[in-house]
Amino acid sequence: MLKSYAAIYKQGHLDWLDDAPEQDNVKVIVTLVETIPQNLPVRAQEILQQAWVCMEKPHTIQQIDNDIAEMRSEWK
């Protein structure tokens, strides 16, 4: 099973933002999360920021459904 951990890559090392993996010397896959471009319209920046926040920590299905419902209500 794959587990996700948030970290900042700095000077060749990963600085964990939350809990670090319990195991040592394990194979990892690193996905770089780009910062949000500042030249986008303000509303697009807000939507992208909400999406990045959803990726920060694992969510339950119920939390994801609630987030989607909240976003849909904002669009109406």
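Me: Before turning to single residues, which range of relative accessible area counts as partly exposed?
Reply: In this predicted model, a residue is called buried under 20% relative accessible area and exposed over 50%. Partly exposed is the class in between, from 20% to 50%.

Me: Is Y5 buried, partly exposed or exposed?
Reply: The relative accessible area of Y5 is 35%. Because buried requires a value under 20% and exposed a value over 50%, Y5 falls in the class between them and is partly exposed.

Me: How many aromatic pairs does a search of the whole structure find, and which residues form an aromatic pair?
Reply: The search of the whole structure finds 1 aromatic pair. With ring centres 6.1 Å apart, the rings satisfy the limit of 6.5 Å, and the residues that form the pair are Y5 and W16.

Me: Is the arrangement of Y5 and W16 stacked, tilted or edge-to-face?
Reply: The planes of the Y5 and W16 rings stand at 75° to each other. Since an angle over 60 degrees is the criterion for this class, the arrangement of Y5 and W16 is edge-to-face.

Me: Which parts of the chain does the pair link, and how many residues apart are Y5 and W16?
Reply: Y5 belongs to the segment before β1 (7–10), whereas W16 lies in strand β2 (residues 13–16). The pair therefore links distant parts of the chain, with a separation along the sequence of 11 residues.

Me: Which residues form a nonpolar patch on the surface together with W16?
Reply: W16, although it is in strand β2, is partly exposed at 35% relative accessibility, which means that it passes the patch threshold of over 30%. The patch has about 410 Å² of accessible area together, and the residues that join W16 in it are Y5, Y9 and L14.

Me: Where is D19 found, and is D19 buried or exposed?
Reply: D19 is found in the loop between β2 and α1 (42–56). The C-alpha atoms of D19 and A6 are separated by 8.2 Å, with the two residues 13 apart along the chain. Because its relative accessibility of 64% is over 50%, D19 counts as exposed.

Me: In what order do the elements of the protein chain run from the N terminus on?
Reply: The protein chain has 2 helices and 2 strands. From the N terminus on, the order of these elements is β-β-α-α.

Me: What percentage of the residues of the protein chain count as buried?
Reply: The accessible surface of the protein chain comes to about 7,400 Å², and 56% of that surface belongs to carbon and sulfur atoms. Of the 76 residues of the chain, the share that counts as buried is 3%.

Definitions and conventions:
Residues are numbered from 1 along each chain as its sequence is written. This is a predicted model: local features need pLDDT of at least 70, side-chain atom pairs count only at pLDDT 80 or more; totals for chains, interfaces and linings use all residues. Side-chain values use heavy atoms; hydrogens and water are left out. Rings of Phe, Tyr and Trp (its six-membered ring) pair if their centres lie within 6.5 Å; planes under 30 degrees apart count as stacked, over 60 as edge-to-face and the rest as tilted. Helices (H or I, at least four residues) and strands (E, at least two) are DSSP runs, numbered from the N terminus. Buried means under 20% relative accessible area, exposed over 50%, partly exposed in between (1.4 Å probe, protein chains only). Patches are made of residues with over 30% relative accessible area and no salt bridge: like charges are joined within 9 Å, nonpolar side chains (Val, Leu, Ile, Met, Phe, Trp, Tyr) within 5 Å. Accessible areas come from the Shrake-Rupley method with a 1.4 Å probe; for residues, only the protein chains shown count as cover. A salt bridge is a side-chain nitrogen of Lys or Arg within 4 Å of a carboxyl oxygen of Asp or Glu.
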